[in-house]
Amino acid sequence: MIDALALLDTMASQLIAQQNPPTPESIRNAIATLRILPNFSVATDEDAEMLARELEERVGISMGLGAIVEDQDVRPWLNAARAKGLIDPYYWKRYEQLLKTKRLPRDVVIAMDQVTDRVLDRMGNPGEDAAWERKGMVVGHVQSGKTANYTGLICKAADAGYRLIVVIAGIHNNLRNQTQARIDEGFIGRDTGRLEAKKSKSGSRARTIGVGAFDDRKVPVSLTNTIKDFNKATATTNTSQISSYAVPVVLVIKKNSRTLGNLVDWLK
């Protein structure tokens, strides 16, 4: 029964995604059409109405593109790099597929794609030979999808050629651990905490999660995990230069002077 309702939800969501825009009536019509099929005959009128209301809430979610305040020194580069075939959207496509699997409204996924492009285009081209420096700030409301957005930005930055990505996630362990778990799911594709717990066992392999279920050929290197922050032991163990890694390197750290000091020393 539960599996049938979950499948009904999935198929109804796919039908509604083709409606522009969906209405309460069209949502209920889509569910009613599917309930004619034998697989969904077990769904009661009450089940159908509860699903319709949930879908109404889900498709009612919207996401604006926001406003930009910038200086005149910004040189767009992203579209040109894509036109030359210099960017393989490997990490972004995995993440986009994950968002769709989570049944995020189509308009929200499209808006997130556009917003992250606008931010990345202002960050600077990692393919440039000359030294450059860019600073900026993105602001969002509480519970507005900030983590989902910067996870998408991380994926696109990695696709564009950024080699080292540092996420500073608050001042407490629980928030850092939660953020690491989100990065594990949306960017790394492996459960870093499980890998840490099994490190002493030979041949151990982290459980594939999130985006890793779609494609796990190029798993980013994470120098932190859901159990431990970056520390001197990690820095001592990982002495390779960033350029020696074939995949991007990511760290999720606390806003803590000792942690930041360890990171700076390691980078030097």
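**Rings, loops and buried positions in a predicted chain**

Glutamate 133 is found in the loop that runs between helix 6 and helix 7. In this predicted model, glutamate 133 has a relative accessibility of 60%, so the residue counts as exposed, the cut-off being over 50%. Methionine 123 stands 10 residues away from glutamate 133 along the chain, and the C-alpha atoms of the two are separated by 8.6 Å.

The setting for this loop is a chain of 268 residues, 38% of them buried. The chain holds 11 helices and 3 strands. Read from the N terminus, the order of its elements is α-α-α-α-α-α-α-β-α-α-β-α-β-α. The C-alpha trace spans about 65 × 55 × 35 Å along its principal axes. Among the contacts with a separation of 6 or more, 75% are made by residues 24 or more positions apart. The accessible surface amounts to about 16,200 Å², and carbon and sulfur atoms account for 53% of that area. As for charge, the chain carries 37 positive and 31 negative charges, and the mean positions of the two sets lie 7 Å apart.

Aromatic residues offer a good way into the fold. A search of the whole structure returns 5 aromatic pairs. In one of them, the ring centres of tryptophan 132 and tyrosine 162 are 6.4 Å apart and the planes meet at 85°, so the arrangement is edge-to-face. Tryptophan 132 belongs to the loop between helix 6 (106-121) and helix 7 (146-160), while tyrosine 162 belongs to the loop between helix 7 and strand 1 (164-168), so the pair ties together parts that are 30 residues apart in sequence. The two partners can also be described by their accessibility. Tryptophan 132 has a relative accessible area of 34% and is partly exposed, whereas tyrosine 162, at 15%, is buried.

Another group of rings brings together Tyr90, Tyr91 and Phe187, which ring pairs link into a cluster. Tyrosine 90 also has a charged partner: the charged end of lysine 218 sits over its ring, 4.4 Å from the centre. A further lysine, at position 156, lies over the face of tryptophan 92, with a distance of 4.3 Å from the ring centre.

Tryptophan 92 appears again in the surroundings of glycine 152, a residue of helix 7. With neighbours within four places in sequence set aside, glycine 152 is in contact with Trp92, Tyr95 and Thr116. Its relative accessible area is 0%, and glycine 152 is therefore buried, the limit being under 20%. Glycine 186 lies 34 residues from glycine 152 in sequence, and the C-alpha atoms of the two glycines are 7.8 Å apart in space.

Leucine 104 takes its place in the loop between helix 5 (90-101) and helix 6. With a relative accessible area of 29%, leucine 104 is partly exposed. Beyond its neighbours within four places in sequence, leucine 104 is in contact with Leu99, Val109 and Met112. Valine 59 is 45 residues from leucine 104 in sequence, yet the C-alpha to C-alpha distance between them is 8.0 Å.

Serine 13, finally, is located in helix 1 (residues 2-17). Its relative accessible area of 19% makes serine 13 buried. When residues up to four places away in sequence are not counted, serine 13 touches Leu55, Arg58 and Arg103. Asparagine 262 is 249 residues away from serine 13 along the chain, and their C-alpha atoms are separated by 47 Å.

Note on methods: Residues are numbered from 1 along each chain as its sequence is written. This is a predicted model: local features need pLDDT of at least 70, side-chain atom pairs count only at pLDDT 80 or more; totals for chains, interfaces and linings use all residues. Side-chain values use heavy atoms; hydrogens and water are left out. Helices (H or I, at least four residues) and strands (E, at least two) are DSSP runs, numbered from the N terminus. Buried means under 20% relative accessible area, exposed over 50%, partly exposed in between (1.4 Å probe, protein chains only). Contact means heavy atoms within 4.5 Å. Accessible areas come from the Shrake-Rupley method with a 1.4 Å probe; for residues, only the protein chains shown count as cover. Lys and Arg count as positive and Asp and Glu as negative; His and the chain ends are not counted. The place of a charge is taken as NZ of Lys, CZ of Arg, CG of Asp or CD of Glu. Rings of Phe, Tyr and Trp (its six-membered ring) pair if their centres lie within 6.5 Å; planes under 30 degrees apart count as stacked, over 60 as edge-to-face and the rest as tilted. A charge sits over a ring if NZ of Lys or CZ of Arg is within 6 Å of the ring centre and within 35 degrees of the ring normal.
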